[in-house]
Amino acid sequence: MQIYKVGGAVRDRLLGKPVTDIDWVVVGATTEEMLAKGFRPVGADFPVFLHPKSGEEYALARTERKSGRGYGGFTFHASPEVTLEEDLIRRDLTINAMAEDDEQNLTDPYHGQRDLEDRVLRHVSPAFAEDPLRVLRVARFAARYAELGFKVAPETLELMRQLSESGELEALTAERSWKEISRALMEEQPQVFIQVLRDCGALKVLMPEVDALFGVPQPEAHHPEIDSGIHTLSVLEQSALHKQPLTVRWACLLHDLGKGLTPEEEWPRHIAHEHKGLKLIKAVNERFKAPKDCQELALLVGQYHTHGHRALELKASTLLELLQSFDVYRRPQRFEEFIVACEMDARGRKGLEQRSYPQADYLRGAADVARGVAVQPLLEKGFKGPELGEALKRERLKALKAYKESASS
Ligand code: ATP
Ligand code: MG
C-alpha cells in the first residue's frame, strides 16, 4: 500500500501556513489490511480509519457516485484498484486535490499548484455540483484566504449558482450547515463568506432575511455607507478585526434584520426595526440550530442595540431595565458581549471605523454600580421575598441616578 498526505495539509504547507490536522489517503489496501495493522474504523460503511497512535484520519482511496439529495447522498466505492488520481478528482477544489508522499513528491493532476499561485479557488470537476455543502465550503475558503488575494473562479461561482437554484441547498442538515457557517464566521474575513454566498445566490436560499438587507437604504447622517446590507458586512468585518467570539459575530450578522421589513414608503428610516427583527432573528437561529448562547445574544443585541448607542441619554430607570433584561448580576459576560456588539455596530459604518465609543465604558460602569448595591443591609432592615426585590431595585435606581449625574458633571 502507498500512503499520501492530502487536502488541507498539502495546501497549507505550500502556502506557508501552519498545518493543524493532517488527512491521509491510502492506495492499494483493503479494509482487512488496515484492521490488521491496528487502524480503528471510523464508521460502519465508510472506508476511513484512525491511526492507532496519532489518531489522524486515513481514508482508503475511493470513488463516489451521487445517489440521493444533499450531503451524504453518495455511494462510495473503495477498493485496492482505485488510483490516487481517481480519489483526487472527487474533491472540491483544485488546491485541495493535491497529494504528497513521504518525500514531499507532489501529485497534482488537476493543477492545484498553479491555482495556488494564481490565487484561484477552482472546482476540480463537474461532479462538484453533486454536493451542496461545497457551496458553503468554497465561501468559507474564500473568507479564509481573502487576505492572500484568493478569488472564486467565475466558472466555479457559476456552478455554485446552479446548485443554489436547484433546491439542493435545502437538503443540507442544520448541523452540517451550522458547522460551516460557524467556522466561516471565525475566519479572518467572515464578511467575504457572506458576500460570496450572496454572489452565487445561496444567501437568498440560506438566509433570505440577511439577503433582504441589500438595497435597503438607511439615513446617510448615521450611515454614510447607506445600504443596510453593506453595513451588516462592515459590522461583521469589524467584529473579526477586533477578534470577537462567535456569539458576537453571529449577533453582528443578525442585529439589523428588521430593516428588511420596513415598507419602502418609510425608507430611509426604520421605525422599531429592533422589535420587528426579533421574529426574523428567531427564525434564522432555529433554522441552523445555533447554540443557545449565540441565539440568546443575537436576540438581545437585535432588541437593544440602539439602547446601547443612546446609553448616555437613557434615563436611570431605562438603564436599570436594560441591566435587568440582561441579568447583569448573574450573566456579566453576556452583557459585555452585548456592549462590544454595539461598538462593532457603531464602527461598521463607512469612514467611522476608528470612532470612539464612550457608551461602552459608560455601560460597564453602570453594570458595576448596579452590581455594587449590597443585599445584606436590606436583609438586616427586615426585607424579604418580593419586597426585598423591590427594595433592591429602588437602591439600584438610586445608585444609577447618582452615577448618571456624576458622569454628566
Ligand atoms: P481545513 O484546513 O479546514 O481542515 P481541509 O481542506 O483539510 O481544510 P477537510 O474538511 O479537513 O478540509 O477535508 C479534507 C479534504 O477532503 C479537503 O481538502 C478536500 O480535498 C476533501 N473534502 C472534504 N469535504 C469535501 C466535500 N464536501 N467535497 C469534496 N471534497 C471534500
Ligand atoms: Mg483538514
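Trainee: By class, how many nonpolar, polar and charged residues does the lining of the second largest pocket have?
Mentor: Keep in mind that this is a predicted model. That pocket holds about 570 Å³ of space, and its lining is made up of 27 residues. Sorted by class, the lining of the second largest pocket comes out as seven nonpolar, twelve polar and eight charged residues.

Trainee: And which residues lie nearest the centre of the second largest pocket?
Mentor: Helices H13, H15, H17 and H18 each put at least two residues into that lining. Nearest the centre, though, you'll find His222, His223, His273, Thr306 and Arg349.

Trainee: Which element gives the largest share of the lining of the second largest pocket?
Mentor: The candidates with at least two lining residues each are H13 (273–276), H15 (292–309), H17 (332–347) and H18 (358–372). The top contribution is three residues, and the helix behind it is H15.

Trainee: OK, on to the other one. What space does ligand 1 take?
Mentor: Start with the residues around the ligand: there are 16, and Arg11, Asn96, Arg134, Arg144 and Arg183 come nearest. Over in the pocket list, there's a space of about 1,400 Å³. Ligand 1 takes up that space, the largest pocket.

Trainee: Which class do most residues around ligand 1 belong to: nonpolar, polar or charged?
Mentor: Among the nearest residues are Arg11, Arg134, Arg144 and Arg183, and arginine counts as charged. The full shell has one nonpolar and three polar residues, and the other twelve are charged.

Trainee: How much of the accessible area of ligand 1 does the protein cover?
Mentor: Look at some polar contacts before the area. A side-chain N or O atom of aspartate 131 is 2.9 Å from a nitrogen of the ligand, and a polar side-chain atom of arginine 144 is 2.9 Å from a ligand oxygen. A backbone polar atom of glycine 8 sits 3.2 Å from an oxygen of the ligand. Out of the 590 Å² that ligand 1 has on its own, the protein covers 83%.

Trainee: Which element gives the most residues to the shell around ligand 1?
Mentor: H5 spans 133–145 and also gives the most to the lining of the largest pocket, with seven residues. For the ligand shell the top count is five residues, and they come from H5.

Trainee: What is the make-up of the largest pocket's lining by class?
Mentor: The lining runs to 45 residues, with Asp23, Glu57, Arg91, Arg137 and Arg176 nearest the centre. Strands S2, S4, S5, S6 and S7 are among the elements supplying at least two residues each. By class, the lining has six polar, 18 nonpolar and 21 charged residues.

Trainee: Any backbone oddities? Which peptide bond is cis?
Mentor: Most peptide bonds are trans. Here, look in the loop between H12 and H13, where proline 268 is found. With omega near 0 degrees, the cis bond runs from tryptophan 267 to proline 268.

Trainee: What is phi of histidine 111 near?
Mentor: Most residues other than glycine have a negative phi. Histidine 111, in the loop between S9 and H4, has a positive value. Its phi is near 65 degrees.

Technical notes:
Residues numbered from 1 in each chain as written. Chains lettered and ligands numbered in written order. Predicted model: local features only at pLDDT ≥ 70, side-chain atom pairs only at ≥ 80, totals over all residues. Heavy atoms only, no water. 1 Å grid on protein atoms, 1.4 Å probe; cavity = no way out; pocket = protein on both sides within 12 Å on 5 of 7 lines; lining within 4 Å. Points joined across faces, edges and corners; volume = space filled by probe spheres on them. Helix = DSSP H or I, 4+ residues; strand = E, 2+ residues; numbered from the N terminus. Near = heavy atom within 4 Å. Polar contact = N/O pair within 3.5 Å; in protein donor to acceptor, adjacent residues only side chain to side chain. Areas by Shrake-Rupley, 256 points an atom, 1.4 Å probe, with all protein chains shown as cover. Sits in = over half its atoms within 2 Å of the grid points.
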